[in-house]
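Please look over the structure below. The report that follows takes its pockets, its metal site and one exposed residue in turn.

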Amino acid sequence: MKKQINWLDILIRCKNNIQEQIKPLLKKLDQPQPNLGIGAGGDPIKQIDLAAESAIINTLREHEVSFTLISEESGIKKYGQTPNDNFVTTDPIDGTTNLVRGIPFYATSIAVSTKPTINTIHTALVTDLVHGITYTAQKGKGAYRNNQKITPSKTESLEDAVIGIDLNTYKIQKIAPKLTNLIQRTKHIRHLGANALELCYVADGTTDAFLDIRGKLRTTDMAAAWLIIKEASAKITTPKGKLLNVKLSPKQKVAFIATANQKIHKIMLSLVKPEKEMK
Ligand code: IPD
Ligand code: CA
């Protein structure tokens with residue numbers, strides 16, 4: 001018989017361990033950082049990313065669970081006797097540039113699924129590591145912010161909406177024309193630099209929408225926030241309004257429009273000219 005695992009409890013222990021392990025490194029950010037090569041997701045690895053990832057792996061191993069790790073840093077690694085029973089997808093630190101530069105907005109993101117696909121995620125956690133705010137979700141049980149149930153905003157007009165847009169790309173000439181219609185009708189545009197957390201802001205009504213149509217975000221960054229959005233009853237689809245059905249892998253890219261409600265979703269879909277859909 002398969003062992004019953006309390007994944008939510010384990011994910012909370014993972015984030016507690018991360019907070020503990022990164023504390024000393026946060027004090028040393030002004031010192032020269034070692035060159036640790038390039039991570040599986042394609043970005044240079046920082047010591048702090050690795051410390052956060054080790055904290056997750058060590059906590060999972062202490063609980064003697066078998067799992068396949070899908071991480072932005074180490075890539076795909078198998079642990080235990082039956083690693084295909086559980087897939088743990090993580091971006092140990094989302095918003096590393098913010099962290100390194102002292103901008104107080106970065107998070108850890110961990111999702112657990114039965115297969116390496118986004119739609120089999122059943123437990124998720126995103127923690128704002130600066131403000132100690134933890135978002136969690138379990139399939140069918142709603143989404144929570146520090147144990148309080150969350151719901152998205154009821155904003156239905158673009159004029160009132162606060163909308164996050166990730167414009168972080170060298171291919172801006174290609175992306176910008178797709179967003180002009182939307183931007184010229186929107187008063188409050190933001191990009192805070194940690195997409196997992198920005199999606200949680202849509203889930204709890206802090207903002208009204210967040211979109212990333214660049215086609216360069218990795219699924220490892222937003223896997224956990226996907227379930228939090230869903231369980232909060234916010235909306236997330238491809239830029240064409242289709243179901244987001246992507247593989248979980250540090251190499252897999254994703255593009256999406258996430259909104260607080262159906263009405264604002266419809267308006268945004270009609271204004272954004274979609275980039276070609278991700279396979
Ligand atoms: C980054 C953040 C950022 C987004 C980048 C991501 P990272 O994650 O989510 O907001 O614009 O594309 O790579 O690299 O700090 O884990
Ligand atoms: Ca990262």
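## Between two domains

In this predicted model, domain 1 (7–149) and domain 2 (162–271) both give residues to the lining of the largest pocket, so the pocket lies between them. Its volume is about 780 Å³.

How many residues line the largest pocket? The count is 34. Asp-43, Thr-96, Thr-97, Asn-168 and Arg-218 lie nearest the centre. Three elements each give two or more residues to this lining: β3, α3 (96–101) and β11 (209–218). By type, the lining has 13 charged, 12 polar and 9 nonpolar residues.

## The second largest pocket

The second largest pocket has a volume of about 440 Å³. Its lining is made of 18 residues. Nearest its centre are Lys-3, Gln-4, Ile-5, Trp-7 and Asn-86.

Helix and strand both take part here. At least two lining residues come from α1 (7–26), and at least two from β5 (121–128). The lining divides into 8 polar, 6 charged and 4 nonpolar residues.

## The calcium site

Which residues coordinate the calcium ion (ligand 2)? They are Glu-72, Asp-91 and Ile-93. Glu-72 is listed twice through OE, and Asp-91 twice through OD. Ile-93 uses O. The distances run from 2.3 to 3.1 Å. Along the chain, the donors follow the spacing E-x18-D-x1-I.

Glu-72 sits in the loop between β1 (67–71) and β2 (75–79), while Asp-91 is in strand β3 (residues 87–94). The pair therefore ties together parts that are 19 residues apart in sequence.

Why is the arrangement called irregular? The 6 donor atoms around the calcium ion (ligand 2) subtend angles of 43 to 177°. To count as octahedral, six donors need opposite donors over 155 degrees apart and all other angles between 65 and 115. An angle of 43° fits neither range, so the arrangement is irregular.

Are the two acidic ligands, Glu-72 and Asp-91, buried or exposed? Buried means under 20% relative accessible area. Glu-72 has 7% relative accessibility, so Glu-72 counts as buried. Asp-91 has a relative accessible area of 1%, so Asp-91 is buried too.

## An exposed lysine

Lys-149 is found in strand β8 (residues 148–149). Its relative accessible area is 58%. Exposed means over 50%, so Lys-149 is exposed.

Where does the chain come back towards this residue? Ala-232 is 83 residues apart from Lys-149 along the chain, yet their C-alpha atoms are separated by 8.1 Å.

Technical notes
Residues are numbered from 1 along each chain as its sequence is written. Chains are lettered from A and ligands numbered from 1 in the order in which they are written. This is a predicted model: local features need pLDDT of at least 70, side-chain atom pairs count only at pLDDT 80 or more; totals for chains, interfaces and linings use all residues. Side-chain values use heavy atoms; hydrogens and water are left out. Donors are N, O and S atoms within 2.8 Å of the metal (3.2 Å for Na, K and Ca); water is not among the atoms, so sites may look incomplete. Four donors count as tetrahedral if all angles lie between 85 and 135 degrees; four count as square planar and six as octahedral if opposite donors are over 155 degrees apart and all others between 65 and 115; anything else is irregular. Helices (H or I, at least four residues) and strands (E, at least two) are DSSP runs, numbered from the N terminus. Buried means under 20% relative accessible area, exposed over 50%, partly exposed in between (1.4 Å probe, protein chains only). On a 1 Å grid over the protein atoms alone, a cavity is a set of points where a 1.4 Å probe fits but cannot get out, and a pocket is an open set with protein on both sides within 12 Å along at least five of seven lines; lining residues have an atom within 4 Å of a point. Grid points are joined across faces, edges and corners, and a volume is the space filled by probe spheres set on the points. Ala, Val, Leu, Ile, Met, Phe, Trp, Tyr, Cys and Pro count as nonpolar, Asp, Glu, Lys and Arg as charged, and the others, Gly among them, as polar. Domain bounds come from an automatic or database domain assignment.
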